Amino acid sequence: MKRIESALACLPSSRALRSAIAGAAVALAVGLAAAPAQAAKPLTIGYSDWPGFVAFQIAIDKGWFKQEGVDVNFQWFDYSASLDAFSAGKLDAVGATNGDALVTGASGAKNVMVLLTDYSSGNDMIVAKPPIRSVDALKGKKVGVEVGLVDHLLLDTALERHHLKESDLTLVNAKTNELPQVLASANDVAAVGAWQPNAGEALKRVPGARPIFTSADAPGLIYDAITVDPVSLSSRKADWEKVLKVWYRCVAYVNDPKTQPDAVKIMAARVGLTPEQYLPLLKGTHLLDEAAAKKAFAKGDGLDSVYGSSVNADKFNVRNAVYKQSQDVNAYIDPALTSTQ
């Protein structure tokens, strides 16, 4: 977070003592007046079109942050643009996958994951056109993916589980939001890797297309988090605790059958869909309540732990030259605020 600094001119040494005291009093008054203004500066959080981030819209619309006494400014982006804004120092925090948090940090924008919002449970897909009906059938084919991002990791996982390598196929690099068009228009592209709603768009554009591997086949492969600038975290810890408290209220509102219709209505409106269109997207995202988040924050080597999942993502990033130097995963994860909830 940028700090606001004010400089007061020093009094000349020849001034009388009374003038010096008066000047000091004025300086003190200015400082006291400025302190509330700085304390009231909102936390800025970048969020994008993913259910684990869109759920915050419930709290935004209902004024829950104000109720908790924390001023938060959520800024809407395309996903990649939100990471760019964070890297440029324009945000205190951003919604990102655990793997992309590592990428952002490796490029110089240090960050700490303090809140795990969800793990992908079906919304990330490898979508294939006919006649492809299995991962095995991708051998020798072209597959579209945004190289280095999360669904490239999903594709690698699918290949590994089917005893294939990337060298067994040809990657076609494209932006994720372009991949539905790539699958529909490129006759030689057999499949694409994309997250919702892009994956759903690919399914719509190509008759007979179907998912042949999804994040539901590898739960915990892809965690989503609110990752924070360490300076903001250290200086505004109490405010970040309130953000977490509001998040768990959002999760409860989504999961309660009595309030879920309203939650889905709010989330769908944020992304320009009907509730009926949005509900399947929500079901492909496993939102984490407080108890589930604490379990995911426990150290472990498997995908059920964000530590194990992030080590896996780090290996992928280094292997694919997303960055050269392996990252210290522990430095990117701070479960302390979740533990205090």
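Is Phe74 buried or exposed? At 13% relative accessibility, Phe74 counts as buried, because the cut-off for that word is under 20%. Keep this residue in mind, since the aromatic part of the story comes back to it. One thing to know at the outset is that you are looking at a predicted model.

## The chain as a whole

Let's start with the overall picture. The chain has 341 residues, and 48% of them are buried. Its secondary structure consists of 16 helices and 11 strands. How much of the contact network joins residues at least 24 apart? Taking contacts between residues at least 6 apart in sequence, the share is 77%. As for the outside, the accessible surface comes to about 16100 Å², and carbon and sulfur atoms account for 54% of that.

## A look inside: Val143

A good place to step into the interior is Val143, found in strand E6, which runs over residues 142-145. Val143 has a relative accessible area of 0%, so it is buried. Leaving aside residues up to four places away in sequence, Val143 touches Leu138, Leu155, Leu169, Thr170, Leu171, Val172, Ala191 and Val192. One of these partners, Leu171, sits 28 residues from Val143 along the chain, yet their C-alpha atoms are separated by 5.1 Å.

## Aromatic rings

How many aromatic pairs does a search of the whole structure find? There are nine. One of them is formed by Trp64 and Tyr253, which meet edge-to-face, with 5.5 Å from centre to centre and 80° between the planes. This pair links distant parts of the chain: Trp64 belongs to helix H4 (residues 64-68) and Tyr253 to helix H11 (residues 237-255), 189 residues apart. Both Trp64 and Tyr253 are buried.

Now Phe74 returns, together with Phe65. Their ring centres are 5.4 Å apart and their planes lie at 45°, so this pair is tilted; the tilted class falls between under 30 degrees for stacked and over 60 for edge-to-face. Phe65 is buried too, because its relative accessible area is 6%. These two rings also belong to one aromatic cluster, made up of Tyr47, Phe56, Phe65, Phe74, Trp76 and Trp247. Trp76 from that cluster has a charged neighbour: Arg270 lies over the face of its ring, at 4.0 Å from the ring centre.

## Empty spaces and helix H9

Rolling a probe the size of a water molecule over the atoms shows where empty space is left. Here, two cavities of 30 Å³ or more turn up. The largest cavity has a volume of about 100 Å³. Its lining is formed by Ser48, Asp49, Trp50, Phe53, Tyr79, Thr97, Asp124, Val150, Trp195, Ile222 and Asp224.

There are pockets to look at as well, and the largest has a volume of about 370 Å³. Which residues lie closest to its centre? Of the 16 that line it, they are Asp78, Tyr79, Asn177, Trp195 and Asn198. Helix H5 (79-87) and helix H9 each supply at least two residues of this lining.

Helix H9 spans residues 198-205, and Asn198, Ala199, Gly200 and Ala202 in it are buried. The elements covering these buried residues include strand E5 (124-128), helix H8 (179-185) and strand E8 (189-195).

## Unusual backbone spots

Most residues other than glycine have a negative phi, and most peptide bonds are trans. The table gathers some places in this model that depart from that pattern.

| Place | Feature | Value |
|---|---|---|
| Pro130 and Pro131 | cis peptide bond | omega about 10° |
| Gln196 and Pro197 | cis peptide bond | omega about 5° |
| His163 | positive phi | near 60° |
| Ala321 | positive phi | near 60° |

Where do these places sit? Pro131 is in the loop between E5 and E6, and Pro197 is in the loop between E8 and H9. His163 lies in the loop between helix H7 (150-161) and strand E7 (170-173), while Ala321 lies in the loop between helix H15 (306-319) and helix H16 (336-339).

Are His163 and Ala321 buried or exposed? His163 has 75% relative accessibility, so it counts as exposed. Ala321 is exposed as well, because its relative accessible area is 62%.

Key: Residues numbered from 1 in each chain as written. Predicted model: local features only at pLDDT ≥ 70, side-chain atom pairs only at ≥ 80, totals over all residues. Heavy atoms only, no water. Helix = DSSP H or I, 4+ residues; strand = E, 2+ residues; numbered from the N terminus. Buried < 20%, exposed > 50% of the residue type's maximum accessible area, 1.4 Å probe, protein only. Contact = heavy atoms within 4.5 Å. Areas by Shrake-Rupley, 256 points an atom, 1.4 Å probe, with all protein chains shown as cover. Phe/Tyr/Trp six-rings, centres within 6.5 Å; stacked < 30°, edge-to-face > 60°. Lys NZ or Arg CZ within 6 Å of the ring centre and 35° of its normal. 1 Å grid on protein atoms, 1.4 Å probe; cavity = no way out; pocket = protein on both sides within 12 Å on 5 of 7 lines; lining within 4 Å. Points joined across faces, edges and corners; volume = space filled by probe spheres on them.
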